[in-house]
Amino acid sequence: MKELRIRTLAAVFLVAGVLSWAGARLWSSVGTLPQVPLAAPVVLALIAAVLLATALSLRTRLKAQRERRPGAKGVDPMMAARAVVFGQASALVAALVAGMYGGTGAFLLESLDIPVRRDQAIYAGFSVLAGIAVIAAAFFLERVCKLPEDDDTNGSTAPAA
C-alpha cells in the first residue's frame with residue numbers, strides 16, 4: 001500500500017480551489033452563488049474525530065501488544081489496513097472538498113460587506129480548516145499503522161549456524 005503524499009494532496013487542493021474559484025466567478029456573473037452549507041465543516045470535523053479516535057485506539061492496542069500486557073487485545077492486520085485505506089480515501093476527499101470550499105471562500109472575500117456572503121465565507125473557511133484536520137488525522141493514522149522497517153536491508157538472509 002502506498003503512503004499518502006502531501007504533494008498529491010496539495011495538488012488536488014490547488015486544482016479544486018482554482019476550478020472552484022473560476023466556477024464561483026462564472027456562477028456569480030449569472031446572478032447567484034451556490035450556498036456553502038453549515039454542515040460542511042461539521043461533517044469534515046466528525047470525520048477527523050473518527051480518524052483520530054481510530055488512530056488513538058489502534059496506537060493503544062498496538063502498544064499493549066508490543067509490551068505483551070496480559071489481556072491485551074491484538075490488532076487484526078486487515079482491520080488496520082482497512083483503517084489506513086479509510087484514512088487515505090478521507091484525506092483525498094478532504095483535500096478535494098477543502099480546495100473547493102477554499103476557492104469559493106477566496107471568491108467570497110471580495111464581497112465581505114454583504115452579511116450573507118460573509119457568513120458563507122466563514123463557513124468556507126471552517127470547511128478548509130476541518131479538511132486540514134482530516135488530512136492531519138489521516139497522516140497520524142497512517143503513521144500509527146505503519147509496520148516497522150525490516151532490519152535486513154539488502155534482502156539476503158544470514159547464514160545458518
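Begin by selecting Glu3, which counts as partly exposed because its relative accessibility is 48%. The model on display is a predicted one, and the tour that follows moves from this residue through both salt bridges, two charged residues that are buried, one small buried residue and two surface patches.

**First stop: Glu3 and Lys146**

With Glu3 still selected, add Lys146 and display both side chains. The two meet in a salt bridge, with a distance of 3.0 Å from N to O. This pair joins distant parts of the chain: Glu3 belongs to the segment before helix H1 (6–30), Lys146 to the segment after H4, and their positions lie 143 residues apart in sequence. Lys146 has a relative accessible area of 46% and is therefore partly exposed. Before leaving Lys146, select Ala81 as well. The C-alpha atoms of Lys146 and Ala81 are separated by 9.5 Å, although the two residues are 65 residues apart along the chain.

**The chain as a whole**

Switch to a cartoon view and follow the chain from the N terminus, where the elements run α-α-α-α. The secondary structure amounts to four helices and zero strands. How much of the chain is buried? Of its 161 residues, 33% count as buried. Contacts across the sequence can be examined next: among contacts in the chain with a separation of 6 or more, 84% are made by residues 24 or more positions apart. A surface representation shows an accessible area of about 10600 Å², with 67% of it belonging to carbon and sulfur atoms.

**Second stop: Arg25 and Glu110**

A search of the whole structure finds two salt bridges. To view the one between Arg25 and Glu110, select these two residues; their closest N and O atoms are 3.9 Å apart. This pair also links distant parts of the chain, with Arg25 in helix H1 and Glu110 in the loop between H3 and H4, 85 residues apart. Arg25 is partly exposed, since its relative accessible area is 42%. Glu110 counts as exposed because its relative accessibility is 52%.

**Third stop: Arg117**

Keep Glu110 visible and select Arg117, which is found in helix H4. Which side chain of opposite charge is nearest to Arg117? It is Glu110, at 6.9 Å; Arg117 is buried yet has no salt bridge. A salt bridge requires a side-chain nitrogen of Lys or Arg within 4 Å of a carboxyl oxygen of Asp or Glu. To see what surrounds Arg117, display Ser28, Leu33, Phe107, Leu108 and Ser111, which it touches when residues up to four places away in sequence are not counted.

**Fourth stop: Glu142**

Continue along helix H4 (residues 115–145) to Glu142. Glu142 is likewise buried and without a salt bridge. Its nearest side chain of opposite charge is that of Lys146, 7.6 Å away. Not counting residues up to four places away in sequence, Glu142 touches Lys2, Glu3, Leu4, Val84 and Gln88. Glu3, the starting point of the tour, is thus one of the residues in contact with Glu142.

**Fifth stop: Ala80**

Select Ala80 in helix H3 (residues 77–108). Is Ala80 buried or exposed? Ala80 counts as buried because its relative accessibility is 14%. Apart from neighbours within four places in sequence, its contacts are Val75 and Cys145. For a further distance check, pick the C-alpha atoms of Ala80 and Leu141: they are 9.3 Å apart in space, and the residues are 61 apart in sequence.

**Sixth stop: the nonpolar patch**

Return to the surface view and select Ile122, Phe126, Leu129 and Ile132. Together they make a nonpolar surface patch of about 400 Å². Phe126 is found in helix H4. With a relative accessibility of 48%, Phe126 counts as partly exposed.

**Last stop: the positive patch**

Finally, select Arg59, Lys63, Arg66 and Arg143, which form a positive surface patch. Which helix gives the most to the positive patch? Helix H2 (residues 39–66) does, with three residues. Arg59 has its place in helix H2, and it counts as partly exposed because its relative accessibility is 42%.

How values were computed
Residues are numbered from 1 along each chain as its sequence is written. This is a predicted model: local features need pLDDT of at least 70, side-chain atom pairs count only at pLDDT 80 or more; totals for chains, interfaces and linings use all residues. Side-chain values use heavy atoms; hydrogens and water are left out. Helices (H or I, at least four residues) and strands (E, at least two) are DSSP runs, numbered from the N terminus. Buried means under 20% relative accessible area, exposed over 50%, partly exposed in between (1.4 Å probe, protein chains only). Contact means heavy atoms within 4.5 Å. Patches are made of residues with over 30% relative accessible area and no salt bridge: like charges are joined within 9 Å, nonpolar side chains (Val, Leu, Ile, Met, Phe, Trp, Tyr) within 5 Å. Accessible areas come from the Shrake-Rupley method with a 1.4 Å probe; for residues, only the protein chains shown count as cover. Lys and Arg count as positive and Asp and Glu as negative; His and the chain ends are not counted. The place of a charge is taken as NZ of Lys, CZ of Arg, CG of Asp or CD of Glu.
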